[in-house]
Amino acid sequence: CSFKGMSTAVESTFVGVRFAEETNLTLCATAGQLFARGATVIVEVEGEPAFGHVEQSPMTVFKPCQKAGAKRILRPASAEDSVLHDRQRERQATAKIFVQERVRALSLDMKVSRVDFTLSGKKATVYFTAEHRVDFRQLVRETAQRFGTRVHMTQLGARDEARLLGGLGVCGKTLCCSTWLKEFRPISIQMAKRQNLSLNPSKISGQ
């Protein structure tokens, strides 16, 4: 937003939480509670509990729009939550291998990027890339039957996959889209010329 002024985070506390291996920190509201760096917490993400680690405490918030988008910390993580998180990671690794094998067996023209489970295990999201439309109904049925969960398929573009998986750019640093860049904006040839960059489309567009 266009807000300009002093920090508006005086009446609450905000921390930066990292989920799994994500590079970006997620802004979370603690409702006045104090969490030290390294603490494990349960955060509400899209209506489901998610397990995360506090990486920055406190995290300064300057704009009202940032506060509005902050996730809510439900509680400190318990020993039971840690066990569920370990099981979640194991299921994600197993599910990715299973889905990749079924994709090959069903001769589907798609590439599986990642499989995510919710902490409760009630829902699985399969991220994939494909050049054309794919009929994955049989794949969804087999995956749901194998893991006993609802399966949601999400198709990604090449740039979104790079942001999801992370990597290194030509500069040798971690990709901007997986660290601080929040949205992809169109890149024009004129912009590249002003910065004396190579006009190779593949380099201008990113990884």
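Helices (H or I, at least four residues) and strands (E, at least two) are DSSP runs, numbered from the N terminus. With that in hand, let us work through some exercises together.

The model is predicted, so local features need pLDDT of at least 70, side-chain atom pairs count only at pLDDT 80 or more, and totals for chains, interfaces and linings use all residues. Residues are numbered from 1 along each chain as its sequence is written, and side-chain values use heavy atoms, with hydrogens and water left out.

**Exercise 1. The overall layout**

Task: Find how many helices and strands the protein chain has, and give the order of its elements.

Solution:
- Step 1. The protein chain holds 6 helices and 8 strands.
- Step 2. Starting at the N terminus, the order reads β-β-β-β-α-β-α-β-β-α-β-α-α-α.
- Step 3. The C-alpha trace spans about 55 × 55 × 25 Å along its principal axes.
- Step 4. Buried means under 20% relative accessible area, exposed over 50%, and partly exposed in between (1.4 Å probe, protein chains only). Of the 207 residues, 33% count as buried.

**Exercise 2. Loop residues with special backbone angles**

Task: Locate Ser107 and Glu46, and decide whether each is buried or exposed.

Solution:
- Step 1. Begin with the background: most residues other than glycine have a negative phi, and most peptide bonds are trans.
- Step 2. Ser107 sits in the loop between helix 2 and strand 6. Its phi is positive, about 55°, although Ser107 is not a glycine. Ser107 counts as exposed because its relative accessibility is 63%.
- Step 3. Glu46 belongs to the loop between strand 3 and strand 4. Phi of Glu46 is also positive, near 55°, and Glu46 counts as exposed because its relative accessibility is 73%.
- Step 4. Now look at a peptide bond: the one from Ser57 to Pro58 is cis, with omega near -5°. Pro58 lies in the loop between strand 4 and helix 1 (64-68).

**Exercise 3. The barrel**

Task: State in which order the strands close into a barrel.

Solution:
- Step 1. Two strands pair if DSSP finds at least two bridges between them.
- Step 2. 5 strands close into a barrel in the order 1-2-5-3-4, with mixed pairing.
- Step 3. For one pair, take strand 3 (residues 40-45) and strand 5 (residues 71-76), which are antiparallel over 4 bridges. Here Val43 stands opposite Ile73 of strand 5.

**Exercise 4. Two packed helices**

Task: Describe how helix 2 and helix 3 cross, and name residues that make the contact.

Solution:
- Step 1. Two packed helices are described by the angle between their axes and the distance between the axes. Axes are lines fitted to C-alpha atoms, for helices over the stretch in contact, and angles run from 0 to 180 degrees between N-to-C directions.
- Step 2. The axes of helix 2 and helix 3 come within 11 Å and cross at roughly 145°.
- Step 3. Contact means heavy atoms within 4.5 Å. On the helix 2 side the contact residues include Phe98, Val99 and Val103, and on the helix 3 side they include Leu139, Thr143 and Phe147.
- Step 4. Leu139, Val140, Glu142, Thr143 and Phe147 of helix 3 are buried. Their cover includes helix 2, strand 6 and strand 8.

**Exercise 5. The nonpolar core**

Task: Find how many residues the largest nonpolar core has, and which helix gives the largest share.

Solution:
- Step 1. A nonpolar core is a set of buried Ala, Val, Leu, Ile, Met, Phe, Trp, Tyr and Cys residues joined through side-chain atoms within 4.5 Å.
- Step 2. The largest one has 18 residues, and Val99, Val103, Met110 and Leu139 are among those with the most contacts inside it.
- Step 3. Helix 2 (79-105), strand 6 (111-117), strand 7 (123-129), helix 3 (137-147) and strand 8 (150-155) each supply at least two residues of this core. Helix 2 gives the largest share, 4 residues.
- Step 4. A second, separate core of 10 residues includes Val41, Ala50, Val54 and Ile73.

**Exercise 6. Two cysteines**

Task: Explain why Cys171 forms no bond with Cys176.

Solution:
- Step 1. A disulfide is a pair of cysteine sulfur atoms within 2.5 Å.
- Step 2. The sulfur of Cys171 has its closest cysteine sulfur in Cys176, 6.3 Å away, so the gap is too far for a bond.
- Step 3. By this rule the count is 0 disulfides.
- Step 4. Cys171 is exposed, at 59% relative accessible area, while Cys176 is partly exposed at 38%.
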